[in-house]
Every structure is written in C-alpha cells, then in structure tokens.
Amino acid sequence: MAKKSQEKSTLKQRETVTIHDQKVRRWEGGELHQIAEDDTPVLTTAQGGPVADDQNSLRVGPRGPLVIDDFHFREKIFHFDHERIPERVVHARGYGAHGYFETYESLAAYTRADVFQRAGEKTPAFVRFSTVAGSKGSFDLARDVRGFAVKIYTKEGNWDLVGNNIPVFFIQDAIKFPDIIHAVKPEPDRAFPQAQSAHDTFWDFISLTPESMHMIMWVMSDRAIPRSFRFMEGFGVHTFRLVNAKDESTFVKFHWKPKLGLQSVAWNEAVKINGADPDFHRRDLWQAIQSGNFPEWELQVQLFDQEFADSFDFDVLDPTKIIPEEVLAPQPIGRLVLDRMPDNFFAETEQVAFMTQNVPPGIDFSNDPLLQGRNFSYLDTQLKRLGSPNFTHLPINAPKCPFAHFQQDGHMAMRNPIGRVNYQPNSFAEGPRESPMSGYRHFPAEETGTKARLRPESFADHYSQARQFYISQTAPEQRHIAAALTFELSKVETPAIRERMVSHLLNIDETLATAVAQKLGFHSMPSPADAAMPTRQDLEPSPALSIVERGPKRFEGRKLGILITDGLDAALLNGLTAAVAKEKGACELVAPKVGRATASDGTWIEAHHMIDGGPSVLFDAVVLLTSADAIDDLVKEATARDFVADAFQHCKFIGYDPSAMPLIEKAGIADGLDEGTIELPGEKGISDFVSTLGKLRVWAREPSVKLGKA
Ligand code: HDE
C-alpha cells in the first residue's frame, strides 16, 4: 500500500578514530568531530575550541550589556554575516548532481582526447542545470533557457561543456551579451519583473536585434518550460573541433539526448507550479536520484569537415544556426548518468566553476565569435564570485587527475608548493616539466585578415531557420508559440515595441504574425521588418525540433497523482500503483487529510499531500478514487474541483471510478469527456490505462479548452 516516500539521509557512514589521544569521529566527507563521553559530537568554534554554552551570549548580570570578550559570539556572527557570496550574474538559480560519463566506442580516429579512447570507460562528472534570468531564489518554472553545464573530470584535466537546453543563442557576438542580459533582468529603476522576459526592455532589445529571432522561436516554445531537467535536451551550441593524434581536425556539435524523452508543461500549468512548488525541478531531480532512478542522457555528435561546412546553407560559426539532424545525423558516442546528489549544496553546486576554456587535448575551439568571447569571460566571473584565484583548490573544481604547477599564494590557498623551486626552467631537477607530446597543442589553424569590427555577410540570414523551427512544430506546439508571444507582448506597455515584434514575425510566418496581432488587438498589420536577407521558403521541416515528436514511449519517470477519499476501492488503488510501478513511474496520493483515508476494505492509507498542497499541476496524469459516501464532501472542496478542471484544461489523462462523476460534473468538464477521460477499471483494464498514460497529453482536447488558443 502506498506510503510517504522515505527520504534518504545524505549523512554518510562514519568511523571513530583516536587523534592526539582524543576520540574523534570521521564523516565520509572527511570532516572530523570530537566526541564527548556520551558519544555525541562536541560543538567547537572554528578554531577547534569546545563550546560550553551556545544558547546565551556573555553578559554582565541578568539584564546587563554584552561583553566584547565573547569570542565565540563574535566568531559565530562574523561568519554568519559573510555567508553569502555574489550570485552568478546569469544562471544564478541552479541545481547540480554528480555522476559519470561512459564512452561507447573509441573515437581515436577523430580525437586524441583521453576520455574518448576506451569503450566502456567511466569518467566522473558533475552537472549543473539552471535558469538564466532569475536570481538564486527565483522559481523553477520561469519561461527561460535552461543551462546544462557538464564538468567531466578527465585524466587530462577538466573538460567543461557549458551548454544550454536550446541549441542556438540570442546574439552572434559576445560584445552584445551585457546588453541582452541587462534587457532581460529586472528593469533597473523599478527592480522588477523577476525571472521574466515579459516586459518592455527585453522585447525592446529583441525587436531591435533581428539575429535573435531564431532563438525567440525556441524560447517562446515549450522548450522554455520543461517538465523536468531529466526530460530536456542539452546542446554545446557552438561548433567545436575534435583533433586527433595526427593533428587532423573534425568539426563537432555536441548534443545531450535524454533517455526518458522530451517533455514540457503548459504555460498555465507553469504559472501554477511556480506557486504550488517553486522548487519543482529541484525536487524532481532530488527525488529521482534519491530513489535510485538515475537520469541519463546520451551524448551524440554531429561530425563534419570543412567541405560540409562550405556547402552548408548557413555559416557553422554562427551560433544562431543549427545543422538540422535530418541534414546531418548525430551519432551516439557515450552516456551521462547522474547518480549522486551533492552532500552540500553550497560547497558543490554553488561553488562549482564552469569555464568554456576548460578543454582537454584533442578538443579545440572554432572561430565562433560567441564562443571566443565566452572563453574570455568565464575566468573573470569565477574570480568575482568565488573571491580568489585559488577557486580551483575547492574540491568540486579541482581536477581528479594528478596535477602540478607553480601557481602559488593568494587568498585561501589550500595547496601550496613544497620544496625550494617554484619556477622553471630550473637546474635543481625539482618540480614539474612541460610535456610537448602529451600536452595541449592548439589546432594550427591558419588565420589571415584585416583587423576590423564587423559582422560577416554569412551571418546575415536572420529569419530562415526561425521559420524552419516554427514549421517543424506540431499543431499544438505552434499554438503554444503563438500564445506565448501573445502573453509576453501583452505585458509590453509600449505599442511600438509590440508592432516591431509583429513586423519580424511577418518575416517568419504570416499565420503566426496574424494570430498574434489579432489577439493583441492590432487595428492594422505593420509592414514586414526590413530584412538583410529574404526568408528562405525552401527549408524542409525538421521533425527532430518538435518535443511532441520526441516524447517518451512510456510513463517511466513520470508521476500519477491519485485523489483519494475514505471508502475508495482498495483493489483499484493497489492495481494502479502496481501497474504504474511496472512502467517505472511513481504514484502520489492526494487526500482531504494527509493523516489517512480508510479504504473500502478497512485499510488505512496515508496520503502524500492534502488537496490544497497537491494540485494536479504537480502530476503528469491524475486518477480520482472516491466513494458514494465521501463524494458530497469532496465536491464542496474548491481545490478538489480545481484539481480536476486543471488536469482537464492541461490536456492530461484523467482516470476515475464512477463514484467521482459528481466531482467531474462540478468541475464543469462533464460535457467534454473524451478519449483522455477514462472510467476505471474500464473494459481494457488498469494496465492498458497505465500504458496509455505514456502519451502524456491529449492534445486533441486543446482547441476545446481556452488554453493555447491564440
Ligand atoms: Fe554563459 N556565462 N555566457 N552562456 N553560461 C555564465 O559564468 C557568458 C552563453 C552558460 O551552472 C557566467 O560561472 C558570456 C551561451 C551556462 O555555473 C558568465 C556569453 C551559453 C552557465 C557567462 C555567454 C551559455 C553560464 C555567469 C556570451 C550556452 C551557468 C556565472 C558570449 C552555450 C554555468 C558563470 C553554471 C554562466 C558569460 C553566453 C551557457 C558571466 C559572456 C551561448 C550553462 O561567465
């Protein structure tokens, strides 16, 4: 029978040892605690002095002043006052996990990177997912790009693939990065809106920046409101190089493909999730890993040479362009598995420092101007944020391979050189030496040109791939793009900005532009924006760009929310939980009281949520299990009616036993029952119902509910 999930403690095994005649307990992370006679750890100051009283500060008499020789108080408050470090200027809100990367086959023909040499070899990795615009405390379901930053601790040093869940970017040149970020962040005079692009300054900048149009299509699509980090793709975005032992270079684009398929939520759902559980994505990753369902992505690469690059319709150095998978199929080369949460969020997830310039021998950069600008930026940001050039001494950032250099001193130096010699060349035969053969050799690309500030002609097509993205979407996804644009622009107060945006949309797709203009109440259509190059109409749709086309095959990794009351059919509940478990999904129970519901056979069932705290937006599908005796009270609960109405408008599957019919009627959906509203156990039985849930949504219902109509 369902029970509240038992959260695993992250505290790890310990051993007791004696150091300096003192009994000491060592925690797995390495921390030592003195222990008292009764075997409890002794509280100490940071200097190691045992503390006698941590409840009261030192004072003169019961009502007198505090005294300044209270060094314990001083140290404690001093440290507290300095607990915060600057948040990341972008990607401030993030969540990370440890795992490993496993190579499928040797890639020696393409790269000499050690990590890709041996089939089956596992290399430790750390991944941090993030939103871009919001601050550290913002909610998870903002409409935003998601960061997908991977650090692989290879035997030749750390390789950071600092990517996003969208394969293109807003701008073509890093010099525009401060502008786009200023524009999307809260407006400087009023300090709002938080974690939102739906405001004037963002759309002002975008409407004046035609190169951003392709990215805008992605950000207005459901890609920007993923259901889980586990169900989104990741992309290296830029073209990189693989370089083999013979110094031959192959261009490469990196893709992470989630094993459980792609999935997003609806916008109306996202808004409600942000209220019901602002940590929705964090909790999801935590629960998956703690319960042993380790998320996994396949690393796929698009490999191509100069000849392909020269013949391709767009410039492979332009980060606002993709190479469609149908034009160049990605090849799987390995997998990433996340199997361990950090022991300490701050020490690991907050202090992890990703840098695009961290590449091992055999992986090199292209001349993508955005990538080159990033290579310049990430070191500065770590110094600012972590406060010392010794941030590589932090365990999360330190390489896991042997390393040796002559960098020394500085704030918080944890590793200090030993011996006399801290320079080279030296004649003392001490310390590390260069290794010309295995050390990093940059690809000897030949470069010529006139120094100038310019934008190449080959970057000038701003609309063709934006259009290709739009026409590659299924009908519901196209509706969502139109609805997202409408919503965002409806929050823009300056009419000229709204018009400018619609004039760009006219260069992408006229139906889309018209739908948005109508919904915004335009009296007349603006003229199409001046385009540096006309939009190509001949690019074929790329089904790989659709989330619906790349959805899961089954309910695995998803959650069924079951609304229960006293008198529910115990056999039905047991059948459901067993069938969902078989599909590798999870069930959570929602009830008028968390304490318990009493099933038809008298068993007591503990719920995971009270109805008020467990709205249907938290689940991928829902079931209503109630009884003739309990239904009258349930119908009176507004939150129970919302539970059903929301699941319906978000196009979710709804299973119900016949006694729940009055709730369905009161929720106002009885007239709309369709193939996604299924009476249980039904003719085909419970396991058939659960395998149907793998489709996740009944998109055919959408035009009949308000959601998504543009
Ligand atoms: Fe970043 N970016 N970025 N970025 N970025 C940062 O580095 C920057 C760009 C990305 O989880 C910062 O450590 C510039 C593209 C991720 O810790 C900073 C430009 C892509 C993360 C920075 C870009 C990214 C960052 C802020 C324009 C996708 C979070 C904190 C040239 C391929 C990493 C930090 C984490 C973080 C600069 C554009 C991805 C300021 C100048 C394109 C996932 O250095």
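Two residues are in contact here if their C-beta atoms, placed from the backbone, lie within 7 Å. Keep that in mind for the close-ups below, which all come from a predicted model.

**View 1. Leu107 sits in a loop between two strands.** The loop in question links strand S4 (94-103) to S5. Leaving aside neighbours within four places in sequence, Leu107 is in contact with Phe116 and Ile333. Is Leu107 buried or exposed? Leu107 counts as buried because 24 other C-beta atoms lie within 10 Å, and the cut-off for that label is 20 or more. Look for Leu242 as well: it is 135 residues away from Leu107 along the chain, and the two C-alpha atoms are separated by 9.6 Å.

**View 2. The ligand has a shell of 24 residues around it.** Which residues come closest? They are Arg88, His91, Gly147, Ala174 and Thr381. Four elements each put at least two residues into the shell: strand S5 (122-131), strand S6 (146-154), strand S7 (157-164) and helix H9 (369-386). H9 gives the largest share, with 6 residues. Sorted by class, the shell holds 12 nonpolar, 9 polar and 3 charged residues.

**View 3. Helices H2 and H3 pack against each other.** H2 covers residues 177-184 and H3 covers residues 200-207. Their axes are 6 Å apart, at an angle of about 145°. On the H2 side, the contact is made by Asp179, Ile180, Ala183 and Val184; on the H3 side, by Thr201, Phe202, Asp204 and Phe205. That mix comes to 5 nonpolar, 1 polar and 2 charged residues.

**View 4. Helix H5 has several buried residues.** In this helix (residues 267-276), the buried ones are Trp267, Glu269, Ala270, Lys272 and Ile273. What covers them? The cover includes helix H6 (280-290), helix H11 (475-490) and helix H16 (638-649).

**View 5. The largest nonpolar core is made of 109 residues.** In soluble globular proteins, nonpolar side chains tend to be buried together. Val516, Ile562, Ile564 and Val644 have the most contacts inside this core. Zoom in on Ile564: setting aside neighbours within four places in sequence, its contacts are Leu573, Leu589, Ala591, Ala597, Ile605, Ala607 and Leu625. There is also a second, separate core of 54 residues, with Val115, Ala149, Phe240 and Ala353 among them.

Terms used. Residues are numbered from 1 along each chain as its sequence is written. This is a predicted model: local features need pLDDT of at least 70, side-chain atom pairs count only at pLDDT 80 or more; totals for chains, interfaces and linings use all residues. Axes are lines fitted to C-alpha atoms, for helices over the stretch in contact, and angles run from 0 to 180 degrees between N-to-C directions. Ala, Val, Leu, Ile, Met, Phe, Trp, Tyr, Cys and Pro count as nonpolar, Asp, Glu, Lys and Arg as charged, and the others, Gly among them, as polar. A residue is near a molecule or strand if its C-beta atom, placed from the backbone, lies within 6 Å of it. A residue is buried if 20 or more other C-beta atoms lie within 10 Å of its own, exposed if 12 or fewer, and partly exposed in between; C-beta atoms are placed from the backbone. A nonpolar core is a set of buried Ala, Val, Leu, Ile, Met, Phe, Trp, Tyr and Cys residues joined through C-beta atoms within 7 Å.
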